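Let's take a walk through a protein structure, looking at charged side chains that pair up and at empty space inside. Keep the picture open as you read.

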Amino acid sequence: MRSHFVLFGDSLTEQSFSPGGWGASLANTYSGKVDVIVRGYGGYNTRWALFLLQNLFLGFSKSYIAATVFFGANDAALLERTNERQHVPVDEYKENLKRIVHHLKELSPSMLVVLITPPPISEEGRKEYAQSLYGEKARKLSERTNEVTGVYAKQCVEVAKELGVPSINLWSKMQETEGWQKKFLSDGLHLTAEGNAVVHEEVVKVLSEGRLCALRIPYDFPLESEIDEINLEKSFQEQRCKLDGLL
């Protein structure tokens, strides 16, 4: 069975296989070597995600070599605003992340688990998006703020340090670029093509540091140019030995 990466998260993961999405780019980077499985659920927070764990990853668990856990954008929704039902207190968010990581590690102890923080929030972008949907009836206050989302991002990084797993701090990384509000975010929250490119680049970087560099992983079958038409069996056996030796 070919090895797998699993992408677990909310809509930022669910949309990752849209045109230009970071998951689609990841699948392209590892094409012919690793299959990328998307398990993204729009609107979900970590509290709801816990109810998915027992059934979500059955069947492929032994072949998982890496997983991304990308939650927090919904957990950080503010109380007494339009999306308060998604809100999860930050301390509970931390514990939920730990439970998710522990579950994945139980499935496959050698799996590389990567925590990804929520991206920054453009409050102006969220207001503009709401106005495009509801016009004058749109709420004046954004349901999320960049400041509060930053608190969740910080705690995500802290959980990763505590558990000894890598993390990607998108909240900080994206804000290093001038004009990030429009460049990386389509509606103040979700990713543009450029925002997806940042996620893809950062995920590939972490995977490569964790011995999963795409260039070093052999194809699961020999390339056409490597096939000896006189001795087909030998060609395929040698490729399988290369793969078994690495993974």
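Lys173 and Glu202 form a salt bridge through their side chains, with a nitrogen-to-oxygen distance of 3.9 Å. Lys173 belongs to helix α8, which covers residues 170–174, while Glu202 sits in helix α10, so this pair ties together parts that are 29 residues apart in sequence. Please keep in mind that this is a predicted model.

Is Glu202 buried or exposed? With a relative accessibility of 11%, Glu202 counts as buried, because the cut-off for that label is under 20%. Its partner Lys173 is partly exposed, at 33% relative accessibility.

Both of these residues have another partner as well. The side chain of Lys173 also meets that of Glu176 in a salt bridge, again listed at 3.9 Å from N to O. Glu176 is exposed, and its relative accessible area is 61%; that label applies because the value is over 50%. Glu202, for its part, forms a salt bridge with Lys205, where the closest N and O atoms are 3.4 Å apart. Here both residues lie in helix α10, three residues apart, which is about one turn of the helix. Lys205 counts as partly exposed, with 37% relative accessibility.

What do these shared partners add up to? They join Lys173, Glu176, Glu202 and Lys205 into one network of salt bridges. Here are the pairs side by side:

| Salt bridge | N to O distance |
|---|---|
| Lys173 and Glu202 | 3.9 Å |
| Lys173 and Glu176 | 3.9 Å |
| Lys205 and Glu202 | 3.4 Å |

Across the whole structure, a search finds nine salt bridges.

Now let's turn from charged pairs to empty space. Rolling a probe the size of a water molecule over the atoms shows where such space is left. How many cavities of 30 Å³ or more are there? The count comes to one, and the largest cavity has a volume of about 30 Å³.

Which residues line the largest cavity? They are Phe5, Val6, Leu7, Leu26, Ala66, Ala67, Thr68, Val203 and Leu207. Try finding them by element: β1 (3–9), β3 (64–70) and α10 (193–209) each supply at least two residues of this lining. Helix α10 therefore appears in both parts of our walk, since it holds Glu202 of the salt bridge with Lys173 and also contributes to the cavity lining.

What is the lining like by class? Eight of its residues are nonpolar and one is polar, with no charged residues.

Note on methods:
Residues numbered from 1 in each chain as written. Predicted model: local features only at pLDDT ≥ 70, side-chain atom pairs only at ≥ 80, totals over all residues. Heavy atoms only, no water. 1 Å grid on protein atoms, 1.4 Å probe; cavity = no way out; pocket = protein on both sides within 12 Å on 5 of 7 lines; lining within 4 Å. Points joined across faces, edges and corners; volume = space filled by probe spheres on them. Helix = DSSP H or I, 4+ residues; strand = E, 2+ residues; numbered from the N terminus. Nonpolar A, V, L, I, M, F, W, Y, C, P; charged D, E, K, R; others polar. Salt bridge = Lys/Arg side-chain N within 4 Å of Asp/Glu carboxyl O. Buried < 20%, exposed > 50% of the residue type's maximum accessible area, 1.4 Å probe, protein only.
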